[in-house]
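Student: I'm new to this one and would like a close look at a single part. Please pick a helix and walk me through it, along with a residue or two from its surroundings.

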Amino acid sequence: MPLQGLKDEMKRYEGLFILNTAGREDGAKDILDKISTEISAAGGKVETVQKMDRKHFARVANKKHNAGFYANVIFNGAPEIISQLNAKFSLNEEVFRVMFTESPEPKPAAK
């Protein structure tokens, strides 16, 4: 019975990150390593990191930054860590934006 309670506490999340990689050749890898470390330190378990691409912003808020590198991080963790991670990443100058959503469990491949 306690195993069911433990399973309910851990949820699967997807974090969409927009990163500031200006002036760096391979800056996205370093930043994503730091993000994975932060998630693990908060009690989460990183499942996959998907690098997308550098994209220009539709609306430019700051003329100095007109594009960002997009990445998806899928991880498991307790619901309480989401607010902790939001606060931590909002202070990080390497992260323009972050959005966390619950992610469904992957479906097994049909045979």
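Tutor: A quick word on names before we dive in: a strand here is a DSSP run of E with at least two residues, a helix is a run of H or I with at least four, and both are numbered from the N terminus. Keep in mind, too, that this is a predicted model.

Let's take helix α3, which covers residues 80-90. Its buried residues are I81, I82, L85 and F89. Looking down the axis of α3, you'd find these buried residues within an arc of 105 degrees, so they line one face of the helix. Turn to the face pointing away from that buried side, and you meet the exposed residues E80, S83 and S90.

What sits over the buried residues of α3? The cover includes β1, α2, β3 and β4.

Now pick a residue from β4: V98 lies in this strand, which spans residues 95-102. V98 touches F89 and N86, as well as L16 and F17. F89, remember, is one of the buried residues of α3. V98 itself has 21% relative accessibility, so it counts as partly exposed, because buried means under 20%. The C-alpha atoms of V98 and A71 are 9.7 Å apart, although 27 residues separate the two along the chain.

One last stop is N20, in the loop between β1 (11-19) and α2 (27-41). With a relative accessible area of 16%, N20 is buried. Leaving out residues up to four places away in sequence, N20 touches I31, H65, E93, E94 and F96.

Definitions and conventions:
Residues are numbered from 1 along each chain as its sequence is written. This is a predicted model: local features need pLDDT of at least 70, side-chain atom pairs count only at pLDDT 80 or more; totals for chains, interfaces and linings use all residues. Side-chain values use heavy atoms; hydrogens and water are left out. Buried means under 20% relative accessible area, exposed over 50%, partly exposed in between (1.4 Å probe, protein chains only). Contact means heavy atoms within 4.5 Å. The arc is that of the directions from the helix axis to the C-beta atoms.
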